[in-house]
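Please open the model in a viewer and keep the selection panel at hand. The tour below moves from one selection to the next.

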Amino acid sequence: MTRAKYQFLPDLSEDDIRLLDRVSDWIMAADEKYITKFSAFLDERQCLLCEKLMASVKYENYRLWGGYENAARRMLCVYPEYGEAESEDFPITAITLLYRKEDKITHRDILGSLMRLRIKRDSVGDILVGEGKSAVFLRSSVAGEVTSVLTKVGRAGVKLREGYDGSIHIEQKIQEISGTVASMRADCILSLAARISREKSAQLIKNVGIEIDHMPKNSPKIPLEEGCTFSVRGYGKFKLLSVDGTTKKDRIHITLNKFV
């Protein structure tokens, strides 16, 4: 019965449905009891599901925020009419880690150190890794424990301070791919993107799945649209940058970005 409520959202897992049920309850509580609710950190797919749910019920009193602009992992705030959700209202605390520049710390190192402290994944937002300095966004309820206990990440000693000054710039490396495809079907475009045969591409999508704009699909025939992002486990993440016309043989010329 519950799944039928969300039939406009295909390929939902049981966890997805539990999240949507919880958010639906929050909308009702905000409407009827003027209660404001905050979620734990949500990944990009979960954020998208929440946005689609809000659009379906035409509910506008919500905000997704991860502690800084363009965060990937964010919290959802659902608030009543005439309410607000300012950035400082979110229970998010940024922690900056300082260490020697010669010490190389990775995203996995930081996340692993937090997991060893029994910090749950949904209490951890984005992790920004820089040279001699990294930042992690945490649920405020666990931040104190982290700052009082964490002195080492990997083999590197770290000093922690609360706050983030916005000085870590993460450069996303991009490789441009261009070529022609027979159609805008997912298997045709993945074939070009991953440099594999269309037959292998189709089998990958059927067996492993393809994630299109954070939504999992298993049909090689599904069309991709200009501007969408897609990924297949083991082959990377891509963006369909532009559709650039057709050739004399009616093949479609496209340009892709591969995130490397």
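**Pockets and a helix**

The second largest pocket has a volume of about 190 Å³. A pocket here is an open set of points on a 1 Å grid over the protein atoms alone, where a 1.4 Å probe fits, with protein on both sides within 12 Å along at least five of seven lines; lining residues have an atom within 4 Å of a point. The volume is the space filled by probe spheres set on the points.

The model is predicted, with local features needing pLDDT of at least 70 and side-chain atom pairs pLDDT 80 or more, while totals for chains, interfaces and linings use all residues. Residues are numbered from 1 along each chain, and side-chain values use heavy atoms, without hydrogens and water.

Select the lining of this second pocket, which includes Asp-15, Arg-18, Trp-26, Phe-38 and Gln-46. Two elements, α2 (14–33) and β1 (37–42), each give two or more residues to that lining. Helices (H or I, at least four residues) and strands (E, at least two) are DSSP runs, numbered from the N terminus.

Next, select α2. Its end C-alpha atoms are 28 Å apart, which agrees with the 28 Å expected of 20 residues at 1.5 Å a residue, the span being 1.5 Å times one less than the number of residues. Among its buried residues (under 20% relative accessible area, 1.4 Å probe, protein chains only) are Leu-19, Val-23 and Trp-26. Tyr-34 follows α2 and has a positive phi, near 55°.

Finally, move to the largest pocket, with about 930 Å³ of space. Of its 30 lining residues, Glu-44, Asn-70, Ala-71, Ala-72 and Asp-126 lie nearest its centre. Select β5 last: it gives five residues, the largest share of this lining.

Note on methods. Buried < 20%, exposed > 50% of the residue type's maximum accessible area, 1.4 Å probe, protein only.
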